[in-house]
Amino acid sequence: PTAAIFATLDAGPVIILTRGDAMTEQMDRVAALRERGAVVVDAGSNMADAVRALLPFEVSSVLVEGGACVHRALLDAHVVDQINLVVSTRRLGPGGVPAFGTGDLRLRGFAPARIEQLGPDTWMEFHVHGHH
């Protein structure tokens with residue numbers, strides 16, 4: 001899977017954010033990633049620090065594909081401008097996992113800016129910036 005990531009280096013840098021302690025504890029892995037062309041950056045200790053770590057690279061948009069803990073942490077850090085949510089008719093796993101972890105997301109307070117049917121699924125776009 002990582003070979004595909006490094007196949008895109010001609011389109012722009014591969015920036016990997018991680019914690020500083022991971023960088024020192026896993027120096028061999030960091031060196032191997034850097035040898036393949038990745039830029040490995042200390043992302044600090046929270047999601048707001050991680051977003052700030054991207055500023056020197058002039059990153060203006062980030063697509064986050066992660067689990068509930070990652071999404072919840074980004075929302076709690078107030079660094080989300082937009083949520084693109086695909087609501088599927090299928091469940092993943094025996095009981096399903098809440099998309100944003102524990103806590104009340106209150107998506108009901110946001111009016112979708114766009115809704116589009118994608119076969120049996122629904123794409124919903126929410127503008128979040130300034131809406132805490």
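**Figure 1. Secondary structure of the whole predicted protein.** The protein has 5 helices and 5 strands, where helices (H or I, at least four residues) and strands (E, at least two) are DSSP runs, numbered from the N terminus. Along the sequence these elements follow the pattern α-β-α-α-β-α-α-β-β-β. This is a predicted model, in which local features need pLDDT of at least 70 and side-chain atom pairs count only at pLDDT 80 or more, while totals for chains, interfaces and linings use all residues. Residues are numbered from 1 along each chain as its sequence is written, and side-chain values use heavy atoms, with hydrogens and water left out. Of the 132 residues in the protein, 23% are buried (buried means under 20% relative accessible area, exposed over 50%, and partly exposed in between, with a 1.4 Å probe and protein chains only). Among contacts (heavy atoms within 4.5 Å) between residues at least 6 apart in sequence, 59% join residues at least 24 apart. The accessible surface comes to about 9600 Å², of which 56% belongs to carbon and sulfur atoms; accessible areas come from the Shrake-Rupley method with a 1.4 Å probe, and for residues only the protein chains shown count as cover.

**Figure 2. The buried side of helix H5 (68-76).** Ala-68, His-71, Arg-72, Leu-74 and Leu-75 are the buried residues in H5. They lie on the same side of H5 because they cover an arc of only 160 degrees around the axis, the arc being that of the directions from the helix axis to the C-beta atoms. The buried residues of H5 pack against H4 and S3.

**Figure 3. Positive phi at Glu-58 and at His-78.** Most residues other than glycine have a negative phi. Glu-58, however, has a positive phi near 55 degrees, and its place is in the loop between helix H4 (47-53) and helix H5 (68-76). With 72% relative accessibility, Glu-58 counts as exposed. His-78 takes a positive phi of about 55 degrees just after H5, in the loop between H5 and strand S3 (82-87), and this residue is partly exposed, with a relative accessible area of 47%.

**Figure 4. A nonpolar surface patch made by Val-62, Val-64 and Val-70.** The patch made by these three valines has an area of about 200 Å². Patches are made of residues with over 30% relative accessible area and no salt bridge (a side-chain nitrogen of Lys or Arg within 4 Å of a carboxyl oxygen of Asp or Glu); like charges are joined within 9 Å, and nonpolar side chains (Val, Leu, Ile, Met, Phe, Trp, Tyr) within 5 Å. Val-64 lies in the loop between H4 and H5 and, at 33% relative accessibility, counts as partly exposed.
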